[in-house]
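Here are some exercises for practising how to read a protein structure. Try each task with the model in front of you, then follow the worked solution step by step.

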Amino acid sequence: MANVAPTYLIDSAEVQRAFDAFSALRKAACAEPHLATNPYFTALQDTAYARFLAVFEAL
């Protein structure tokens, strides 16, 4: 059996939603600089960025 590349069903709206979430977190970080030292907040940013990057690269 031949190797088959996986197919991802990602649309630009999903990429936009992921970017919007990451962007909102970055705006909050700019408005509230103390959040940069909050490990819970930075975990949210890391997750939002990873999800955006995953769907953007799949597009």
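The exercises below concern this predicted model.

**Exercise 1. Get an overview**

Task: Find out how many helices and strands the protein has, and what percentage of its residues is buried.

Solution:
- Step 1. Begin with the elements: there are two helices and zero strands.
- Step 2. Turn to burial. The protein has 59 residues, and buried ones make up 20% of them.
- Step 3. Look at the surface. The accessible surface comes to about 4800 Å², and carbon and sulfur atoms own 62% of that.
- Step 4. Ask how contacts are spread along the chain. Of the contacts with a separation of 6 or more, 58% are between residues 24 or more positions apart.

**Exercise 2. Test the length of a helix**

Task: Decide whether the end-to-end distance of α1 agrees or disagrees with the span expected for its 20 residues.

Solution:
- Step 1. Work out the expected span by multiplying 1.5 Å by one less than the number of residues. For the 20 residues of α1 this should give 28 Å.
- Step 2. Compare this with the model: the end C-alpha atoms of α1 are 28 Å apart, so the two values agree.

**Exercise 3. Find the buried face of α1**

Task: List the buried residues of α1, and work out where they lie when you look down the helix axis.

Solution:
- Step 1. Collect the buried residues of α1: V15, A18, F22, S23, L25 and A29.
- Step 2. Look down the axis of α1. These buried residues fall within an arc of 160°, so they line one face of the helix.
- Step 3. Check the other side of α1, where S12, R17, K27 and A31 are exposed.
- Step 4. Try one of these residues against the cut-off. Exposed means over 50% relative accessible area, and S12 counts as exposed because its value is 52%.

**Exercise 4. Assemble the nonpolar core**

Task: Name the residues of the largest nonpolar core, and say which helix gives the largest share.

Solution:
- Step 1. List the members. The six residues of this core are F22, L25, A29, L35, F41 and A48.
- Step 2. Assign them to elements. Both α1 (12-31) and α2 (39-58) give two or more residues to the core.
- Step 3. Look for the largest share: α1 supplies it, with three residues.
- Step 4. Connect this to a broader idea. In soluble globular proteins, nonpolar side chains tend to be buried together.
- Step 5. Follow one core member, L35. Beyond its neighbours within four places in sequence, L35 touches A28, F41 and T42.

**Exercise 5. Place Q45**

Task: Is Q45 buried or exposed, and which residues beyond its sequence neighbours does it contact?

Solution:
- Step 1. Locate the residue: Q45 sits in helix α2.
- Step 2. Apply the cut-off for buried, which is under 20% relative accessible area. Q45 has 10%, so it is buried.
- Step 3. Leave out the neighbours within four places in sequence. Q45 is then in contact with F22, L25, R26 and A29.

**Exercise 6. Describe an aromatic pair**

Task: Describe how the rings of F22 and Y49 are arranged, and explain which parts of the chain they tie together.

Solution:
- Step 1. Count the pairs: the structure holds three aromatic pairs.
- Step 2. Take the pair of F22 and Y49. The ring centres are 5.3 Å apart and the planes make an angle of 55°, an arrangement called tilted.
- Step 3. Place the partners. F22 lies in helix α1 and Y49 in helix α2, so the pair ties together parts that are 27 residues apart in sequence.
- Step 4. Consider burial. F22 is buried, with a relative accessible area of 17%, whereas Y49 is partly exposed at 40%.
- Step 5. Add the aromatic cluster, which is formed by F19, F52 and F56.

**Exercise 7. Relate sequence distance to space**

Task: How many Å separate the C-alpha atoms of V55 and S12?

Solution:
- Step 1. Locate both residues. V55 is part of helix α2, and S12 belongs to helix α1.
- Step 2. Read the separation: V55 and S12 are 43 residues apart in sequence, with 8.8 Å between their C-alpha atoms.
- Step 3. Repeat this for D11, which lies in the segment before α1. The C-alpha atoms of D11 and V55 are 8.5 Å apart, across 44 residues of chain.
- Step 4. Finish with S12 and F56, which are 44 residues apart along the chain and 8.3 Å apart between C-alpha atoms.

Key:
Residues are numbered from 1 along each chain as its sequence is written. This is a predicted model: local features need pLDDT of at least 70, side-chain atom pairs count only at pLDDT 80 or more; totals for chains, interfaces and linings use all residues. Side-chain values use heavy atoms; hydrogens and water are left out. A nonpolar core is a set of buried Ala, Val, Leu, Ile, Met, Phe, Trp, Tyr and Cys residues joined through side-chain atoms within 4.5 Å. Buried means under 20% relative accessible area, exposed over 50%, partly exposed in between (1.4 Å probe, protein chains only). Helices (H or I, at least four residues) and strands (E, at least two) are DSSP runs, numbered from the N terminus. Contact means heavy atoms within 4.5 Å. Accessible areas come from the Shrake-Rupley method with a 1.4 Å probe; for residues, only the protein chains shown count as cover. Rings of Phe, Tyr and Trp (its six-membered ring) pair if their centres lie within 6.5 Å; planes under 30 degrees apart count as stacked, over 60 as edge-to-face and the rest as tilted. The expected span of a helix is 1.5 Å times one less than its number of residues. The arc is that of the directions from the helix axis to the C-beta atoms.
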